[in-house]
Amino acid sequence: MTRTGSPPWRIRRLRPAHPFCGTRAGQAIIFFALALVILVFVVIWTYDLHRILYTKSITQNAGDASALMAARWQGITLNMIGDLNIMHAIALTSDDANTAATITNIQARLCFVGPMIALMACQEAAKNNGMYRNPDFDAFMHEHAQHVRNGYGSMTDDDGSPLFPEPYEGCWADYADMLDLVADEGMAAGPDNLRLYTDYVGGHYLLMIEFYEAIAGKTWCWFCNNAPTLLEDYENFQPCWWPPLPEIPHMEYVNSEVFSLRLSKCETTLSSLLDLPTINSNAAERGFTTIVDSNAMAATAAWYCYNTEAWGPWNAMATTGPDPFPLTGPVKDTYDYAGADVAVRIEASTTRLTPAQEGASITNVITWSAGAKPFGYLGDADKPTRYGLVLPAFRETHLVPIDAVSGPSGGGYNLEWRRHIEQHLPGYMRNGPQPSSCWYCQQLLTWENSAFRQDGIDWLAVNSWQCTMTTPGPGSYDGGGRRRGH
Ligand SMILES: [Zn+2]
């Protein structure tokens, strides 16, 4: 059979079945294109989310590993200093003054070298866990090493005595070399409880990072709990309303600025610290065969002891008092001391594929701070600090809440905060708040606005009852809140 003329199917194909059929096809294409665009955005967004979560996870791992490693070296160093205390007693038993003096010198060096090894080891731990060197961290460390080398040794007070006497001869040069070495190798982890000898030690609202955070977040409860009259009292800046920034205290420089062991050097007799059977049982436990005698106990010598202020009760973890830590129960007595600890800061940036306005790319900086601490015990279950004298007692290392770690007012390794304290605050105290790209300076501008402060006064007049925590848990802080890391 032969077809003649145009087949009907061809006619149907050429002739639109409906006057709007062409528009419908166009609509389908537009719809399809839109769906495709949405799909592409969903894919990019999922990729970005995954990337951010991944970066967060590796910063967390690297931070935790790094803090544990540094705290482990703190524990090892404390044990070595403890062993040297025992050896010092043995040297005094043998009446060997030279050895005794050498031991004291080695202990003075260990207070710096031990924390420096901790700093190096924590960089390795961070890098082994996927972090890269942070050029800002390196630059700050080099800058500080320069200051130690050129400044600490030469600064004197009005009567010409050195402001920073060296704990042992050549200490500042050694210390600066070690800091440079760490920075040369590349820093991935910032020692976040760094306390420079030139840092303020608090005692002023302008030196409290929480003050700025309370302004930024309108955390009025912070004012209610920590500065109850400040909102009402503050009037305006000119002439400078604030009391002057406190003097930076000078002290005996026994400990390193980084990962300080927080020890003191005590000129006293061993018998004022512990009795003969105790030192001998500790000596035997560490494998020393010579027995310490009573002459060594009665001799006055330099002993490395726990600084009683720094190694007191672990108040940051107290479950009672005005700012209780939300723990399910109190810290066990054996672990209830503050003392040497580590805070490490990891910063990693991740660039998003999702474009921002006008096609600019967005980079997020992800920060993780981790805290860790060496723990141990003497005898069966006595605190390592029981006798005041450092003895080899540290056996384990644990991660601890970052808020329970010793924190400096000077800025640790939060370099933006440090810049604010060191470079911007002196100008603020002279001239008042000025527009600035610094986040902390911007908060001081907000603070200057009396309507802003009035908002806080009005809020607290009605809601201040919410600022008292009745049951532990973050739910009690509606509209208020306080600083608890993670
Ligand atoms: Zn600033």
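**Zinc site, helices and domains**

Mentor: In this predicted model, Leu36 has a relative accessibility of 43% and therefore counts as partly exposed.

Trainee: In which helix is the place of Leu36, and how far is its C-alpha atom from that of Cys224?

Mentor: Leu36 belongs to helix H2, residues 21-93. Along the chain, Leu36 and Cys224 are 188 residues apart. Between their C-alpha atoms the separation is 53 Å.

Trainee: Is Ala91 buried or exposed?

Mentor: Ala91 also lies in helix H2. The cut-off for buried is under 20% relative accessible area. Ala91 has a relative accessibility of 6%, so it counts as buried.

Trainee: Which residues does Ala91 touch, not counting those up to four places away in sequence?

Mentor: One of them is Ile103, twelve residues from Ala91 in sequence and 9.0 Å from it in space, C-alpha to C-alpha. With residues up to four places away left out, Ala91 touches Asp96, Thr99, Ala100 and Ile103.

Trainee: With which residues is Asn282 in contact, leaving aside its neighbours within four places in sequence?

Mentor: Asn282 sits in helix H9, residues 276-285. Its relative accessible area is 9%, so Asn282 is buried. Beyond its neighbours within four places in sequence, its contacts are Ile86, Leu378 and Leu391.

Trainee: Which residues are the protein donors of the zinc ion?

Mentor: The donor residues follow the spacing H-x3-H-x13-C-x2-C in sequence. Their donor atoms lie 2.1 to 2.3 Å from the zinc ion. The histidines donate through ND1 and the cysteines through SG: His420, His424, Cys438 and Cys441.

Trainee: What is the arrangement of the four donor atoms around the zinc ion?

Mentor: Four donors count as tetrahedral if all angles lie between 85 and 135 degrees. Here the angles are 102 to 121°, so the arrangement is tetrahedral.

Trainee: Are Cys438 and Cys441 buried or exposed?

Mentor: Cys441 is among the buried residues of H12. Cys438 shares that state, so to speak: both Cys438 and Cys441 are buried.

Trainee: Within what arc do the buried residues of H12 fall?

Mentor: In H12, the buried residues are Tyr440, Cys441, Gln443, Leu444 and Trp447. They line one face of the helix, because seen down its axis they fall within an arc of 155°.

Trainee: What do the buried residues of H12 pack against?

Mentor: Helix H12 covers residues 439-448. Its buried residues pack against several helices, one of them helix H11 (415-431). The list is H6, H7, H8, H11 and H13.

Trainee: What span should helix H13 have, at 1.5 Å a residue?

Mentor: Helix H13 has 14 residues, 450-463. Its end C-alpha atoms are 20 Å apart, which agrees with the expected span of 20 Å.

Trainee: What arc around the axis do the buried residues of H13 cover?

Mentor: In H13, Phe452, Arg453, Gly456, Leu460 and Asn463 are buried. They lie on the same side of H13, because the arc they cover is only 110°.

Trainee: Which residues are exposed on the other side of H13?

Mentor: The buried side of H13 is covered by elements including helix H6 (209-216), helix H7 (220-226), helix H8 (230-233) and helix H12. On the other side, the exposed residues are Ala461 and Val462.

Trainee: How far apart are the C-alpha centres of domain 1 and domain 2?

Mentor: The domain assignment gives domain 1 as 28-131 + 258-409 and domain 2 as 202-247 + 414-486. Their C-alpha centres are separated by 30 Å.

Terms used
Residues numbered from 1 in each chain as written. Predicted model: local features only at pLDDT ≥ 70, side-chain atom pairs only at ≥ 80, totals over all residues. Heavy atoms only, no water. Donors = N, O, S within 2.8 Å, 3.2 Å for Na, K, Ca; no water. Tetrahedral: all angles 85-135°; square planar, octahedral: opposite > 155°, others 65-115°. Buried < 20%, exposed > 50% of the residue type's maximum accessible area, 1.4 Å probe, protein only. Domains from an automatic or database assignment. Helix = DSSP H or I, 4+ residues; strand = E, 2+ residues; numbered from the N terminus. Expected span 1.5 Å × (residues − 1). Arc of directions from axis to C-beta. Contact = heavy atoms within 4.5 Å.
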